[in-house]
Amino acid sequence: MGLADFFTDVVSSLGFAEAQADAPAADVEATQDETTEKSEDSAEDTPEESEDAEEEAEEEEEEEEEEEEDPEDIKPKLEEECANSAQCAPAKHHFDHCVERVTRQEEDADFKGPKEDCVEEFFHLTHCATACAAPKLWRELK
C-alpha cells in the first residue's frame with residue numbers, strides 16, 4: 001500500500017457527500033409562476049397601503065435599533081483609574097522607568113547592549129490594575 005493509497009482511503013472514509021441537483025426542471029417553472037403571481041398581487045396594492053406599510057417598517061426598524069444599543073463597557077475606565085491609583089503606583093513607576101530607559105536606548109545609535117522591552121513590567125501593571133478593578137466592576141454589574 002503506497003502513500004497515495006493511504007491518503008485516498010483516509011479521504012474516502014471521511015464520508016463527503018456528493019453534490020446533486022435538488023429539484024428537476026419542472027419545479028423551476030412552477031416557482032417562476034408563483035413569483036409572477038406574487039408580483040401581480042403586489043402591483044394591485046394602492047399607493048396609500050404601500051406608504052403605510054413602509055412607515056410601519058421604518059418604525060419597527062427604529063425600535064429594533066434602540067433595543068440593540070449596547071451599554072458602555074466600564075472595565076477599561078476602571079482599570080485606567082486603578083493603574084493611576086496609589087495601589088498600583090509601584091508597578092506603574094517600574095513600567096514608566098522601563099519605558100524611559102528603552103526609549104533612551106532606541107534614540108542612542110551607539111548603544112550596543114541587549115535590546116530590552118518592558119513586557120514584564122507591563123504585565124505586572126496590568127495584573128495590578130485588573131485585580132484592583134475587579135471588585136468595583138462586580139459591584140457595578142450587580
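Biologist: Which residues of helix 6 do Ala-91, Lys-92, His-94, Phe-95, Cys-98 and Arg-101 of helix 5 meet?

Modeller: This is a predicted model, in which local features need pLDDT of at least 70 and side-chain atom pairs count only at pLDDT 80 or more, while totals for chains, interfaces and linings use all residues. Residues are numbered from 1 along each chain as its sequence is written, and side-chain values use heavy atoms, with hydrogens and water left out. Helices here are DSSP runs of H or I with at least four residues, numbered from the N terminus, and contact means heavy atoms within 4.5 Å. On that basis, the six named residues of helix 5 meet Glu-121, Phe-122, His-124 and Leu-125.

Biologist: How do the residues of this contact of helix 5 with helix 6 divide by character?

Modeller: Phe-95 and Cys-98 on helix 5, and Phe-122 and Leu-125 on helix 6, are among the participants, and Ala, Val, Leu, Ile, Met, Phe, Trp, Tyr, Cys and Pro count as nonpolar, Asp, Glu, Lys and Arg as charged, and the others, Gly among them, as polar. The contact therefore divides into five nonpolar, two polar and three charged residues.

Biologist: What is the orientation of helix 5 relative to helix 6?

Modeller: Their axes, lines fitted to C-alpha atoms over the stretch in contact with angles from 0 to 180 degrees between N-to-C directions, come within 9 Å and cross at roughly 155°. Because angles over 145 degrees count as roughly antiparallel (under 35 roughly parallel, 65 to 115 roughly perpendicular, the rest oblique), helix 5 is, relative to helix 6, roughly antiparallel.

Biologist: What is the orientation of helix 4 relative to helix 6?

Modeller: The axes of helix 4 and helix 6 come within 8 Å and cross at roughly 120°. That angle makes helix 4, relative to helix 6, oblique.

Biologist: Which helix supplies the largest share of the largest nonpolar core?

Modeller: The core, a set of buried Ala, Val, Leu, Ile, Met, Phe, Trp, Tyr and Cys residues joined through side-chain atoms within 4.5 Å, has 15 residues, and Cys-82, Cys-118 and Leu-125 have the most contacts inside it. Helix 4 (75-83), helix 5 (89-107) and helix 6 (119-141) each supply at least two of its residues. The largest share, six residues, comes from helix 6.

Biologist: Is Gln-105 of helix 5 buried or exposed?

Modeller: Gln-105 lies in helix 5 and, leaving aside neighbours within four places in sequence, is in contact with Phe-111, Pro-114 and Glu-116. Relative accessible area under 20% means buried, over 50% exposed and in between partly exposed (1.4 Å probe, protein chains only). With a relative accessible area of 14%, Gln-105 is therefore buried.
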